[in-house]
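Thank you all for coming. Please take a moment to look over the sequence and the model before I begin.

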Amino acid sequence: MSSDDLGTVAALHDPVRRAVYEYVASLGREAGRNETAEAVGVQRTLAAFHLDKLVEAGLLEAGFKRLTDRTGPGSGRPAKVYRRARGEWQVSVPARDYRSMASMLAEAVDRLGQ
């Protein structure tokens, strides 16, 4: 277990942040701030805060994309969108120590045999 993985997973401790992550991760596509805010029932600014924290933690990736078909002058700037990061994290607390476990098991078996 790396402490980086533990920190990454710890970012999901906040219930709103976890809901934001679960929503975006379940989509299988990019999601904008407004869409995410509506889906989890929070204001856009709070959703944006949590989305950016999830990017900092490495759980989401951010990019920019036009969310409407409008193009050219007056169409506005592209929106910030988020998608699930490709990485995989694994945490075991406390860290597993198979060598010690095997040694204790071998000692127990040895004592039972006497």
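Let me start with a question: which residue, just after H3, takes a positive phi? That residue is Gly41, whose phi is about 75 degrees. When I say helix or strand, I mean a DSSP run, H or I over at least four residues for a helix and E over at least two for a strand, numbered from the N terminus.

A word of caution about the source: this is a predicted model, in which local features need pLDDT of at least 70 and side-chain atom pairs count only at pLDDT 80 or more, while totals for chains, interfaces and linings use all residues. Residues are numbered from 1 along each chain as its sequence is written, and side-chain values use heavy atoms, with hydrogens and water left out.

Let us stay with H3, which covers residues 33-40 and in which Arg33, Thr36 and Ala37 are buried; buried means under 20% relative accessible area, exposed means over 50%, and partly exposed lies in between, using a 1.4 Å probe and protein chains only. These residues lie on the same side of H3, because they cover an arc of only 100 degrees around the axis, the arc being that of the directions from the helix axis to the C-beta atoms. Among the elements that cover them are helix H2 (15-27) and helix H4 (44-57).

How, then, do H2 and H4 sit against each other? They pack at an angle of about 75 degrees, with their axes 9 Å apart, where axes are lines fitted to C-alpha atoms, for helices over the stretch in contact, and angles run from 0 to 180 degrees between N-to-C directions. H2 and H4 are therefore roughly perpendicular to each other, a label given to angles of 65 to 115 degrees, whereas those under 35 count as roughly parallel, those over 145 as roughly antiparallel and the rest as oblique.

The largest nonpolar core has twelve residues, including Val20, Val24, Leu51 and Tyr82; such a core is a set of buried Ala, Val, Leu, Ile, Met, Phe, Trp, Tyr and Cys residues joined through side-chain atoms within 4.5 Å. H2 gives the most to this core, with four residues. Val24 touches Leu51, Leu60 and Tyr82, among others, contact meaning heavy atoms within 4.5 Å.

Finally, please find Pro73, in the loop between strand S2 (60-65) and S3. Pro73 is exposed, with a relative accessible area of 88%.

Definitions and conventions. Lists of a residue's contacts leave out its neighbours within four places in sequence.
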